[in-house]
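Me: I should like to study this structure through questions and answers. Please reason briefly before giving each result.

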Amino acid sequence: MTKRTAAKYKIDRRMGENIWGRAKSPLNKREYGPGQHGQRRKGKLSDFGTQLRAKQKLKGYYGDLTEKQFRRIYAEAERVKGDTGENLVGLLERRLDAVIYRAKFVPTIFAARQFVNHGHVEVNGKKVNIASYRVKEGDVVSIRERSRQLAIVLEAVALTERDVPDYLEVDHNKMTANFVRTPALGDVPYPVVMEPNLVVEFYAKN
């Protein structure tokens with residue numbers, strides 16, 4: 001198990017929120033943070049602390065991206081016309097691993113990254129094994145035929161703890177997902193409140 005894969009069990013507790021809305025979240029059993037100091041009383045966060053927390057939560061949600069990856073996506077969101085926070089969410093949701101996760105082809109965002117890297121996914125009929133690949137509006141993402149009966153896929157499709165958002169048109173019989181449009185913040189089914197505006201404030205000052 002890689003360090004990053006293991007980290008998913010700590011992210012919820014570090015944030016103090018069940019950020020993926022999973023039934024198996026350790027936060028459902030203990031609400032304090034991980035580690036020997038996890039049960040200390042929480043003090044009020046400073047503005048910097050609040051902004052940093054918002055950034056770590058959003059970054060962690062998408063598979064605990066590295067700071068370098070996340071900052072690069074933020075820089076691109078800043079260059080695009082429009083609201084930077086909304087642009088940031090749109091770019092994150094266009095990642096191929098995010099689309100695979102949203103389409104319920106796999107149970108977690110971490111599994112989505114691994115699933116793409118292992119060559120189980122096609123975009124418009126061509127194999128793509130790069131999790132950060134940027135899907136465009138109108139692209140059709142599909143599970144390769146030889147991978148459609150994998151246990152991880154069948155189990156994920158049967159999950160009832162989350163729904164497919166309406167910016168994707170998903171056919172679980174054909175194992176395809178059409179990326180209809182880039183979502184706005186309000187379209188994304190985050191189980192907890194995400195505050196990309198605070199992420200913008202964080203990078204503006206740091």
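**Loops, a helix and a sheet**

Me: Where does Met175 lie?
Reply: Met175 is in a loop that has a strand on either side. Strands (E, at least two residues) and helices (H or I, at least four residues) are DSSP runs, numbered from the N terminus. The loop in question joins β4 (168-171) and β5.

Me: What pLDDT do local features need here?
Reply: Residues are numbered from 1 along each chain as its sequence is written, and side-chain values use heavy atoms, with hydrogens and water left out. This is a predicted model, in which totals for chains, interfaces and linings use all residues, side-chain atom pairs count only at pLDDT 80 or more, and local features need a pLDDT of at least 70.

Me: Is Met175 buried or exposed?
Reply: A residue is buried under 20% relative accessible area, exposed over 50%, and partly exposed in between (1.4 Å probe, protein chains only). Met175 has a relative accessible area of 5%, so Met175 is buried.

Me: What is the phi of Met175?
Reply: Met175 is not a glycine. Its phi is nevertheless positive, at about 55°.

Me: Which residue in the loop between α2 and α3 has a phi near 55°?
Reply: The residue sought is not a glycine, yet its phi is positive. It is buried, with a relative accessible area of 17%. The residue is Asp64.

Me: How far is Gly63 from Asp97 in space, C-alpha to C-alpha?
Reply: Gly63 is found in the loop between α2 (47-61) and α3 (67-79), whereas Asp97 has its place in helix α5. Gly63 is buried because its relative accessibility is 0%, and Asp97 is buried because its value is 1%. In sequence the two are 34 residues apart, while from C-alpha to C-alpha the distance is 9.1 Å.

Me: Which residues does Asp97 touch, not counting those up to four places away in sequence?
Reply: A contact means heavy atoms within 4.5 Å. With the sequence neighbours left out, the residues touched are Ile109, Ala112, Arg113, Val116 and Ala131.

Me: How many residues of α4 are buried?
Reply: Helix α4 spans residues 84-93 and is mostly covered. Among its buried residues are Thr84, Leu88 and Leu92. The count is 9 of its 10 residues.

Me: Which elements do the buried residues of α4 pack against?
Reply: Both helices and a strand take part in this packing, the strand being β5 (176-179). The full list is α2, α3, α5 (96-102), β5 and α8 (196-205).

Me: Which residue's backbone nitrogen does a side-chain oxygen of Asp83 reach at the start of α4?
Reply: The side-chain oxygen of Asp83 comes to within 3.0 Å of a backbone nitrogen. That nitrogen belongs to Gly85.

Me: What is the order of the strands in the open sheet?
Reply: The sheet has 5 strands with antiparallel pairing. Its edge strands, each pairing on one side only, are β2 (126-127) and β4. Two strands pair if DSSP finds at least two bridges between them. The order is β2-β1-β3-β5-β4.

Me: Which residue is the bridge partner of Glu169 in β5?
Reply: Strands β4 and β5 run antiparallel and are joined by 4 bridges. In β5, the partner of Glu169 is Asn178.

Me: What percentage of the residues of the protein chain count as buried?
Reply: The chain comes to 8 helices and 5 strands. Of its 206 residues, the buried share is 46%.

Conventions
Polar contact = N/O pair within 3.5 Å; in protein donor to acceptor, adjacent residues only side chain to side chain.
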